Amino acid sequence: IVIPIIFLVHDLFFIPKAASSVDLVQYEETIHRQTVISRFLFIYTVILFTTRCASSFNAGRLRQHAVMYELTWLCNSTLLMGSITFGVFDDGTATNWLFRRRPLIATACCIGVSIDQVLWYVDLVGYMVSGKFLVGVMKYLTWSQTLWIDRLTCTHHLWTMPLFIYASNNELGLDAFKLSVCIVTMKVCLSRWLTPHCIQATKSKDDDGSGAA
């Protein structure tokens with residue numbers, strides 16, 4: 001639901017820069033760069049999704065549901081949005097409305113997720129210098145219940161922003177900031193709608209009947 005709405009808002013209210021108004025050689029180089037990066041993002045997203053789903057098979061229903069929730073988070077969905085809008089399915093002849101190249105959306109997603117991912121840099125530097133997480137956004141990686149596959153597939157928090165900025169030719173215009181407000185608002189509403197108010201844990205056979213999970 002959210003992805004088509006974002007595409008519709010982009011198409012209705014944001015006019016892409018005409019190719020005739022930019023250097024054609026640079027424009028073709030940018031298109032090629034975005035295509036290569038979009039393919040990398042697509043492959044990485046598929047790996048992230050399949051490995052996390054596979055790891056949840058024997059981890060219980062709670063873990064299985066958690067994997068699906070995690071994939072709706074902006075830090076993860078930005079990978080999919082970047083793959084589509086940088087043109088992984090658009091070779092210049094795409095007729096499907098959903099698969100058109102819309103690099104402004106990828107840039108807007110990058111801006112939207114920047115607050116969280118800048119804090120990853122703060123935590124990383126703080127941990128390397130003092131052995132402590134200054135903010136705590138990376139702290140879950142040290143939890144005993146965090147699976148190794150989650151640790152392995154969290155690296156995109158560190159390279160998403162630089163990669164997207166490089167793909168967009170270092171262009172972070174005002175339109176991208178405006179569109180990011182729309183994207184973040186819809187993502188917050190989606191997360192609040194999908195996330196349950198509470199989690200019901202089943203009792204094990206050796207429970208004392210107190211109801212503690």
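Here is a short walk through one helix packing and several ring contacts in this predicted model.

Let's start with the helices. Two packed helices are described by the angle between their axes and the distance between the axes. For helix H4 (residues 74–85) and helix H8 (residues 156–167), the axes come within 11 Å and cross at roughly 40 degrees. The crossing of H4 past H8 is left-handed. On the H4 side, the contact is built from Cys75, Asn76, Thr78, Leu79 and Gly82, while H8 contributes His156, His157, Trp159, Thr160 and Phe164. Sorted by character, the residues of this contact are four nonpolar, six polar and no charged.

Trp159 of H8 also leads us to the aromatic rings, since ring pairs link Phe40, Tyr44 and Trp159 into a cluster. The count comes to nine aromatic pairs. Another pair to look at joins tryptophan 120 and tyrosine 140: the ring centres are 6.2 Å apart and the planes stand at 70 degrees, and because planes over 60 degrees apart count as edge-to-face, this pair is edge-to-face. The pair links distant parts of the chain, 20 residues apart, with tryptophan 120 in helix H6 (residues 114–130) and tyrosine 140 in the loop between H6 and helix H7 (148–152). Tryptophan 120 is buried, at a relative accessible area of 2%, whereas tyrosine 140 is partly exposed, at 23%.

Finally, have a look at arginine 102. Its charged end sits over the ring of tryptophan 97, 5.0 Å from the ring's centre. Arginine 102 also lies over the face of phenylalanine 7, at 4.5 Å from that ring centre.

Definitions and conventions:
Residues are numbered from 1 along each chain as its sequence is written. This is a predicted model: local features need pLDDT of at least 70, side-chain atom pairs count only at pLDDT 80 or more; totals for chains, interfaces and linings use all residues. Side-chain values use heavy atoms; hydrogens and water are left out. Axes are lines fitted to C-alpha atoms, for helices over the stretch in contact, and angles run from 0 to 180 degrees between N-to-C directions. Helices (H or I, at least four residues) and strands (E, at least two) are DSSP runs, numbered from the N terminus. A crossing is left-handed if the near helix is turned anticlockwise from the far one by less than a right angle, and right-handed if clockwise. Contact means heavy atoms within 4.5 Å. Ala, Val, Leu, Ile, Met, Phe, Trp, Tyr, Cys and Pro count as nonpolar, Asp, Glu, Lys and Arg as charged, and the others, Gly among them, as polar. Rings of Phe, Tyr and Trp (its six-membered ring) pair if their centres lie within 6.5 Å; planes under 30 degrees apart count as stacked, over 60 as edge-to-face and the rest as tilted. Buried means under 20% relative accessible area, exposed over 50%, partly exposed in between (1.4 Å probe, protein chains only). A charge sits over a ring if NZ of Lys or CZ of Arg is within 6 Å of the ring centre and within 35 degrees of the ring normal.
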